Amino acid sequence: DGKVQVEILGYSQQDRELYSARVGSGDDVLLIDSEIHGNEKSGTEAILSMLETLGTSEDPEVNQVLENLTIVALPKLNPDGSEKNQRQNDITWDEVIENNPQLEGAAPAWYFNENVPGFDVNRDFNPYFDYEPQPEDLPGTSADFGFFLTNEARILADLYQDLQDEFGEVDAYVNLHHMGHAQDEETGEDFTITFSYPP
């Protein structure tokens, strides 16, 4: 009934759509993404289930959420990796150079996997949204920021900035992962969810 607004934010290297879904009308903004690693599927299912509930339920608690929050979700941030069921996205270093001609002759970024080939998109972010990759910055090390070499990272950073412009700030950002079987070290009890906070 029009509660969930869906749009295409952009395209992956292999021309797959990156969708966002927006629900709620509150002043507090929650940004959620999943499947930044293409072989981590459970977060995508969780987001789709959440959107179905928020978009169809008449429960008073759901209505309260919709009144107080604006939720923007990217259920599948890495559609190319998802298609291949692999952690990385799907791009060659030659394609990176085509997209960033100023990097001609530069060594591949430290988080680029030449065997796949593709990037761990989770490492491709830079806190300076206006950063443009420069050859002297590459290859870098795991102690460095990412270089915004993927469409996926750029699209998410652009969305974040658009939400900042609209609301003044993004109140919370959640990046969902599926990381296998976790247990409490003392009791051996299984965990169904764990948090890494602050990031």
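The following questions and answers concern a surface patch and two buried residues in a predicted model. Residues are numbered from 1 along each chain as its sequence is written, and side-chain values use heavy atoms, without hydrogens and water. Local features need pLDDT of at least 70, side-chain atom pairs count only at pLDDT 80 or more, and totals for chains, interfaces and linings use all residues.

Q: Which strand gives the largest share of the nonpolar patch?
A: Val6, Ile8, Tyr11 and Tyr19 make a nonpolar surface patch of about 380 Å². Patch residues have over 30% relative accessible area and no salt bridge (a side-chain nitrogen of Lys or Arg within 4 Å of a carboxyl oxygen of Asp or Glu); nonpolar side chains (Val, Leu, Ile, Met, Phe, Trp, Tyr) are joined within 5 Å, like charges within 9 Å. Areas come from the Shrake-Rupley method with a 1.4 Å probe, and for residues only the protein chains shown count as cover. Three residues, the largest share, come from strand β1 (residues 4–11; strands are DSSP runs of E, at least two residues, numbered from the N terminus).

Q: Is Ser12 buried or exposed?
A: Ser12 lies in the loop between β1 and β2 (17–23). Buried means under 20% relative accessible area, exposed over 50%, and partly exposed in between. Because its relative accessibility is 2%, Ser12 counts as buried.

Q: The backbone nitrogen of which residue lies 3.1 Å from a polar atom of the side chain of Asp80?
A: Asp80, in helix α3 (residues 79–84), is buried at 1% relative accessibility. Beyond four places in sequence, its contacts (heavy atoms within 4.5 Å) include Ser12, Arg16 and Glu152. The backbone nitrogen at 3.1 Å from the polar side-chain atom of Asp80 belongs to Gln14.

Key:
Helices (H or I, at least four residues) and strands (E, at least two) are DSSP runs, numbered from the N terminus. Buried means under 20% relative accessible area, exposed over 50%, partly exposed in between (1.4 Å probe, protein chains only). A polar contact is a pair of N or O atoms within 3.5 Å; within protein, one must be able to donate a hydrogen and the other to accept it, and residues adjacent in sequence count only if both atoms are side-chain atoms.
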